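Notebook open, coffee poured. I want to look up a handful of spots in this structure and write down what turns up.

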Amino acid sequence: MNASCTTHPADILFSGEKPFPILPAVDHYAGSEKLIRKALALQQTLGPIFDITGDCEDGARAGAEAEHAEMVATLALSDENRHGRMGARIHDITHAHWQRDLEILVGTAGHRLAFITLPKVRSAADTAAQIAALRRVENTHGITRPLPVHVLIETHGALREVWNIAALEGVESIDFGLMDFVSGHHGAIPGSAMKSPDQFEHPLVVRAKTEISAAALANGVVPSHNVTTELKDLDIIRSDATRARREFGYLRMWSIHPNQIQPIVEAMRPDFSEVQEAAEILIAAQDASWGPIQHNGRLHDRASYRYYWELLLRARSTGMQLSDDAAGRFFEN
């Protein structure tokens, strides 16, 4: 390994630019203490190939919102959150408790939370207002790392302004809330569009999915696909995740049951042969001090290196095994 190998692709390929976020392929939602603990235990076994969102919106009983947020914060702080990949969804901006959610979650566990999710925003202005409130709470409690923000698109207004929402500072993921979106059409979209195959074929749902994915990717934000309602049939779960990835460009997907995690991860993984090729190209590029190279008769330079580096990062985030050389050069330390 020559001296040029000390130059890491993360340092050389994105100089002066915002790198694309590389997130685990699954965002697993859990509302109760029992289910969050179960998810954290599974994460310790499988590794950080999926995130966990402690749900303070749907998980909290009416009147017990503060108690629920405190429970989520406590688990985020605990040793059970070994990988630091637990976030939290707060109440929506029309709910009286959303600001208190932020106070409890960020004030208690802001340095351990991976992200904050904002549901049911109606506009870019809603989103900006909640992000500003989050930053004020962080400042008050001395949290120096701004928490990434994930935004749920599930209203007509949010879909209309999704490009502006995706462009807001601090937004890391744009998520599609299929069921609320369908419900918001007052019966004009049939209930069958909440599951496959109609969720991938109904024109109004297809329009929403493609617009969200395009806006996210154009703004350097991860598009996150809605959950599948199938809990037991692994082939259906895998098929839904595969269609989301290959047909609509989603790089991440929700799960609501442990059975869903592994098939979604498998569907979101890059092709193994392309991962091998990416490692070979990046190793050769590093040895050439990131100048142009030839690989299998094709020219590669920094434009393609960026593609292959992000591919390698996605492979790593889904638990794919890399060659010892690639792992040692790019991921040790």
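**Entry 1: Asp27.** I started with Asp27, which sits in strand β1. A note to self before going further: this is a predicted model. Is Asp27 buried or exposed? Its relative accessibility comes out at 0%, and because the cut-off for buried is under 20%, Asp27 counts as buried. I then looked for a partner and found Thr53: the two side chains are joined by a polar contact of 2.6 Å. Skipping neighbours within four places in sequence, I listed what Asp27 touches: Asp51, Ile52, Thr53, Phe115, Asp175, Arg252, Met253, Trp254 and Ser255.

**Entry 2: helix α2.** Next I went to α2, residues 33-46. Its 14 residues reach 20 Å from first C-alpha to last, close to the 20 Å expected at 1.5 Å a residue. Which residues of α2 are buried? I got Ile36, Ala39, Leu40 and Gln43. Looking down the axis, I see these buried residues fall within an arc of 100°, so they line one face of the helix. On the other side I noted Lys34, Lys38 and Thr45 as exposed. What do the buried residues pack against? I wrote down β1 (26-30), β2 (50-55), α3 (65-77) and β3 (86-89). So β1, the strand that holds Asp27, is among the packing partners of α2. Just past the helix, Gly47 takes a positive phi of about 95°.

**Entry 3: Ser78.** A quick stop in the loop between α3 and β3, where Ser78 lies. I had to check the number here: the relative accessible area is 17%, and because buried means under 20%, Ser78 is buried. I also paired Ser78 with Gly31: they are 47 residues apart along the chain, and their C-alpha atoms are separated by 17 Å.

**Entry 4: nonpolar cores.** I pulled up the largest nonpolar core, which has 71 residues. Which members touch the most others? Leu102, Leu105, Ile116, Ile153 and Ile174 do. I followed Leu102 and, leaving out neighbours within four places in sequence, found contacts with Ile90, Gly107, Ile116, Gln130, Ala133, Leu134 and Val137. Apart from this core lies another, of 22 residues, including Phe14, Ile293, Trp309 and Ala326. As background, nonpolar side chains in soluble globular proteins tend to be buried together.

**Entry 5: helix α5.** I looked at Ala125 in α5, residues 124-140. Ala125 is exposed, at 54% relative accessible area. From Ala125 to Gly110 I get 24 Å, C-alpha to C-alpha, for 15 residues of sequence. In the same helix, Arg135 and Glu138 lie three residues apart, about one turn. Their side chains meet in a salt bridge, 3.0 Å from N to O. How do the two partners differ in exposure? Arg135 is partly exposed at 24%, whereas Glu138 is buried at 3%.

**Entry 6: more salt bridges.** How many salt bridges are there in the whole structure? The search finds 18. I opened Arg243 because it forms a salt bridge with Glu247, with the closest N and O atoms 2.9 Å apart. Both are in α10, four residues apart, or about one helical turn. Arg243 also meets Glu201, at 3.9 Å from N to O. This pair links distant parts of the chain: Glu201 is in the loop between α8 (178-183) and α9 (203-218), and Arg243 is in α10 (residues 234-248), 42 residues apart. I checked exposure and found Glu201 partly exposed at 47%, Arg243 partly exposed at 22% and Glu247 partly exposed at 48%. One network went on the list too: Asp55, Glu57, Asp58, Arg89, Lys120 and Asp180 are linked by salt bridges.

**Entry 7: helix α12.** Last stop, α12, residues 272-287. At 1.5 Å a residue its 16 residues should span 22 Å, and the end C-alpha atoms are 23 Å apart, which agrees. Buried here are Val275, Ala278, Ala279, Ile281, Leu282, Ile283, Ala285 and Gln286. They pack against α1 (9-12), β9 (293-295), β10 (298-300), α13 (302-317) and α14 (324-330). After α12 comes Ser289, with a positive phi near 55°.

Conventions:
Residues are numbered from 1 along each chain as its sequence is written. This is a predicted model: local features need pLDDT of at least 70, side-chain atom pairs count only at pLDDT 80 or more; totals for chains, interfaces and linings use all residues. Side-chain values use heavy atoms; hydrogens and water are left out. Helices (H or I, at least four residues) and strands (E, at least two) are DSSP runs, numbered from the N terminus. The expected span of a helix is 1.5 Å times one less than its number of residues. Buried means under 20% relative accessible area, exposed over 50%, partly exposed in between (1.4 Å probe, protein chains only). Contact means heavy atoms within 4.5 Å. The arc is that of the directions from the helix axis to the C-beta atoms. A nonpolar core is a set of buried Ala, Val, Leu, Ile, Met, Phe, Trp, Tyr and Cys residues joined through side-chain atoms within 4.5 Å. A polar contact is a pair of N or O atoms within 3.5 Å; within protein, one must be able to donate a hydrogen and the other to accept it, and residues adjacent in sequence count only if both atoms are side-chain atoms. A salt bridge is a side-chain nitrogen of Lys or Arg within 4 Å of a carboxyl oxygen of Asp or Glu.
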